[in-house]
2 protein chains.
Amino acid sequence: MRIAIIGSGALGLYYGAMLQRGGNDVRFLLRSDHDAIRERGLTVHSVAGDFHLPVVTGVRDPGELGECDLVIVALKTFANGRLPELVPPAVGEGTLVLTLQNGLGNEEALAAIVGGHRVLGGVAFLCANRLESGSVHHLGAGRILVGEYEEHDHRRVERVAEMFRQAGVECGAVEDLVRARWEKLVWNIPFNGLSALLQRPVDFLVSFAPLRALVRELMLEVVAAAGTQTKNGPLSGRYADAMIEFTEGMGPYQPSMMIDRRLGRQLELDSIFAIPLERALHAGVPMVRVQELHALLLAGEQQGDLHSL
Amino acid sequence: MRIAIIGSGALGLYYGAMLQRGGNDVRFLLRSDHDAIRERGLTVHSVAGDFHLPVVTGVRDPGELGECDLVIVALKTFANGRLPELVPPAVGEGTLVLTLQNGLGNEEALAAIVGGHRVLGGVAFLCANRLESGSVHHLGAGRILVGEYEEHDHRRVERVAEMFRQAGVECGAVEDLVRARWEKLVWNIPFNGLSALLQRPVDFLVSFAPLRALVRELMLEVVAAAGTQTKNGPLSGRYADAMIEFTEGMGPYQPSMMIDRRLGRQLELDSIFAIPLERALHAGVPMVRVQELHALLLAGEQQGDLHSL
């Protein structure tokens, strides 16, 4: 399969490398890593075993990607304004476009550009960092759930899931992509948000009683809002407790948003907060605590203040 | 009038100095400033004109205060556990005890020690700092509203108010002390809380749209809870907007809680947050956004983390 990777952060590089190692023709759209990867290839340091790809196809110009069978979008969501320029050059008649980005609104953004019939969405559970040029560190997990944006042909989804599995990536096909996205938000909203705001790892958030209570209340707001969005019925309130228990096993894990805030990087607040808040409000189930957390996080995104929280 | 000042931070020193200058016999219970004030007296640097009191009665031991007509309590509220040891030595048959402390729960704490019949409460609107030993800086305002904890004899309240006015302190007697306390919380909860958490002055909080909206929502929660507590009917929702407009005139003012957090000092979270939250919840009007802000502030009070926000 010929696959384009748009957005070569840790997630794009990791899945792209896995797919190339699995025998696919993978083409990376690169910016900062372009020269390093063209010269020395790509190294994956992984909990499942390191590997190196000596020859990698990396281009700077999307026009050089050529028409692909599958375009995987792994751009940070605040850069979605660039999708109209980055994605179409690799899209032909039979091309599928899969977004593995965080939060909500990404399938819609792609549908407006390439048509909803070719859009798939995936929720990735991956712990990975990009540190030095030309390499990616896979710290754990990696499972993906993929589904269709519109209901056309579920077998396409099965084929994409099978392609990932053939490449050694755990992957499931889901009927209800919206549900999978909201389920991930149940974790992302409290843990990414609070860890970024307070600069404390997840073990503090689940062990300090007032924050643990707040985490749970935030989760229950997301669960309630999710119930208005999914086609297969509401999420269970038990899901919040299960997620908290699951998080207790993570130790002093620092979510990516905590690290990004510490390094003064822009956060994905639109896809993880603003769009979910808007949809919940529109459905008549406002998430008031989530909205407060969003406002507090926005304050830290103001010019000249990125490091001051 | 013989007056004891218990708690000689900026507020206690300022009002004590004004009362002494006004002709009263004022005795200060001192700790850190004791030697400096005994040796060199007390200097007030004030927007209304500086003055110096060369001889000041300051004691370290509450047993040396002697029986007073009025005991003014100006202790930080997190030190209220020390009231049983500090207040009774100055209290005789006809003594009144006036707390000028922040938030809720202070009249109750004093009533349990000296009896509710002698307890008055005052809400102080004062901008003052204590910097170098033996002096206090009065930056603005200073008005006090005083009222009775229990309804006994409103003329006593009028006399205390008159005593302050004689000493040049703007002071009014109120029928509904609880209402005055809650009205002050409408300002204190959002502006003290958010400025401490985000380390941003009030002009940022009222000019950055997401925070201005949050300030207003926090205020409306306090207004709604206040309506269940006051005897003279609910506060108007207009009160929140009036407070926001009022704050716009303050410029880059840094509330005391913002400064205290920056300096790693303990915050008065019980009297300004925990007790109001408890009373609102008990009255069936939970303040969910206030509770979230409280939890976030509590996280920063954890040992070893006082400077990390």
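In this predicted model, residue A:S271 is located in helix 11 of chain A, a helix that covers residues 269-282. A:S271 is buried, since its relative accessible area is 2%, and a residue is called buried when that value is under 20%. When its neighbours within four places in sequence are left aside, the residues in contact with A:S271 are A:T77, A:N102, A:G103, A:L104 and A:P276. One of these, A:N102, also takes part in a polar contact, in which the side chain of A:S271 reaches the backbone oxygen of A:N102 at 3.2 Å.

The chain that holds this serine contains twelve helices and ten strands. The radius of gyration of chain A is 19 Å, which is close to the 19 Å given by the globule rule for 309 residues, and chain A is therefore as compact as a globular protein of that length. Measured out along the principal axes, the C-alpha trace of chain A spans about 50 × 40 × 35 Å. Of the 309 residues in chain A, 58% count as buried, and A:S271 is itself a buried residue. Where contacts in chain A link residues at least 6 apart in sequence, 69% of them join residues at least 24 apart. The surface that chain A exposes amounts to about 12,500 Å², of which carbon and sulfur atoms supply 50%. With regard to charge, chain A carries 29 positive and 37 negative charges, and the mean positions of these two groups are 2 Å apart.

A backbone feature is found at position 141 in chain A and in chain B. Most residues other than glycine have a negative phi. In A:A141, however, phi is positive, with a value near 55 degrees, although this residue is not a glycine. A:A141 belongs to strand 9 of chain A, which runs over residues 135-148, and A:A141 is exposed, with a relative accessible area of 60%. In chain B, the residue B:A141 likewise has a positive phi of about 55 degrees without being a glycine. B:A141 is placed in strand 9 of chain B, at residues 135-148, and counts as exposed at a relative accessibility of 57%, given that the term applies to values over 50%.

After strand 9 of chain B comes a loop that leads to helix 5 (154-166), and B:E150 is found in this loop. B:E150 counts as partly exposed, at 33% relative accessibility. Not counting residues up to four places away in sequence, B:E150 touches B:G116 and B:H117. For B:H117 there is also a polar approach, as its backbone nitrogen lies 3.4 Å from a polar atom of the B:E150 side chain. The side chain of B:E150 is further joined to the side chain of B:H152 by a polar contact of 2.7 Å. Although B:E150 and B:A111 are 39 residues apart in sequence, their C-alpha atoms are 9.5 Å apart in space.

A further loop of chain B, between helix 9 (238-248) and helix 10 (256-262), contains B:M250. B:M250 is partly exposed, and its relative accessible area is 29%. Leaving aside neighbours within four places in sequence, the residues in contact with B:M250 are B:W187 and B:V202. The C-alpha atom of B:M250 is separated by 9.7 Å from that of B:P201, a residue 49 residues away along the chain.

Definitions and conventions: Residues are numbered from 1 along each chain as its sequence is written. Chains are lettered from A and ligands numbered from 1 in the order in which they are written. This is a predicted model: local features need pLDDT of at least 70, side-chain atom pairs count only at pLDDT 80 or more; totals for chains, interfaces and linings use all residues. Side-chain values use heavy atoms; hydrogens and water are left out. Helices (H or I, at least four residues) and strands (E, at least two) are DSSP runs, numbered from the N terminus. The radius of gyration is taken over C-alpha atoms; the globule rule is 2.2 Å times the number of residues to the power 0.38. Buried means under 20% relative accessible area, exposed over 50%, partly exposed in between (1.4 Å probe, protein chains only). Contact means heavy atoms within 4.5 Å. Accessible areas come from the Shrake-Rupley method with a 1.4 Å probe; for residues, only the protein chains shown count as cover. Lys and Arg count as positive and Asp and Glu as negative; His and the chain ends are not counted. The place of a charge is taken as NZ of Lys, CZ of Arg, CG of Asp or CD of Glu. A polar contact is a pair of N or O atoms within 3.5 Å; within protein, one must be able to donate a hydrogen and the other to accept it, and residues adjacent in sequence count only if both atoms are side-chain atoms.
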